[in-house]
Amino acid sequence: MLGTQFTQGSPNWLDLGSPDTEAAAAFYGAVFGWGFRSAGPEAGGYGFFQQDGRTVGALGPLDEGARSAWTVYFQTPDADATQKAAEAAGGKVRVEAFDVMDAGRMACLTDPAGAEFAVWQPGSVKGLERTSAPHTLLWAELHVPDPESTLAFYRTLFGWRWASMDAPGMTYRVLSTAEGDQEDASFGGVAEAQEGMTPSWVPYFAVEDADAIADATRGSGGSVLMPPADIPDVGRIAWLADPFDAIFAVLKPAPRG
């Protein structure tokens, strides 16, 4: 279960790059009920998605030539050291480590399979203020052609553990941080990318009604990539995209036995 007491390697931030931040804020407001608060004139259009005044994600303008996408950030005590470790392990540095005012220090990286992610070294901003509640980040899922070799890269960076489980048509690997009970410390998973799929991290948001969210997505100008479907022992899942083709997923978790 993803919480907000972040440790080494846990997802601790999430943001969306969009070509039209005003339209994106309106879309996610309609689908999830989020508000949007600007980080101020010095932030270049960046701001925060909020639920009841608590930050659940962020939104900013796209870098030139980039595609609209959600980026998952993972906690590190030293962004510079993680950047160096990523390069040494076969990853790429898209944006070198830099300070975000007094909020923290970050670097934007790409794993050897081509999936983009970022790391966040907390300063005054520790991370997301609400997770695992309805309409907040619940799970982070990596899709790559060769899960085992890519996981070796992330283990070098964060010390992640994983447990394999059988899923329809594939082996699914449940990820946990290096510390604590492995099940309690789980935060995401890894699946083999389907043919034609770009290697990527996909955020899952908790919902109480996946069908209603799929309908709201379609009605607000987004698209339904995978209609809501029940996954045994997991819950009801749908894959969606916003009007600018940024992919996200929703999950209504199955009742815990």
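These points on a predicted model cover one helix and two loop residues.

1. Helix α1 takes in residues 21-32. With 12 residues at 1.5 Å a residue, α1 should span 16 Å, and its end C-alpha atoms are indeed 16 Å apart, so the expected and modelled spans agree.

2. The buried residues of α1 are Ala24, Ala25, Phe27, Tyr28, Val31 and Phe32. Viewed down the helix axis, the buried residues of α1 fall within an arc of 160°, which means that they line one face. The spacing has a general background: an α-helix has 3.6 residues a turn, so residues three or four places apart point the same way.

3. On the face of α1 turned away from the buried side sit Glu22 and Ala26, both exposed. Following α1 comes Gly33, with a positive phi near 80°.

4. Asp52 is in the loop that joins β3 (47-51) to β4 (54-61). Its phi is positive, about 55°, although Asp52 is not a glycine. The relative accessibility of Asp52 is 68%, and because exposed means over 50%, Asp52 counts as exposed.

5. Where does Met101 lie? Met101 belongs to the loop between β6 (92-100) and β7 (104-110). Met101 is a residue other than glycine, yet its phi is positive, near 50°. Its relative accessible area is 54%, so Met101 is exposed, the cut-off being over 50%.

Terms used: Residues are numbered from 1 along each chain as its sequence is written. This is a predicted model: local features need pLDDT of at least 70, side-chain atom pairs count only at pLDDT 80 or more; totals for chains, interfaces and linings use all residues. Side-chain values use heavy atoms; hydrogens and water are left out. Helices (H or I, at least four residues) and strands (E, at least two) are DSSP runs, numbered from the N terminus. Buried means under 20% relative accessible area, exposed over 50%, partly exposed in between (1.4 Å probe, protein chains only). The expected span of a helix is 1.5 Å times one less than its number of residues. The arc is that of the directions from the helix axis to the C-beta atoms.
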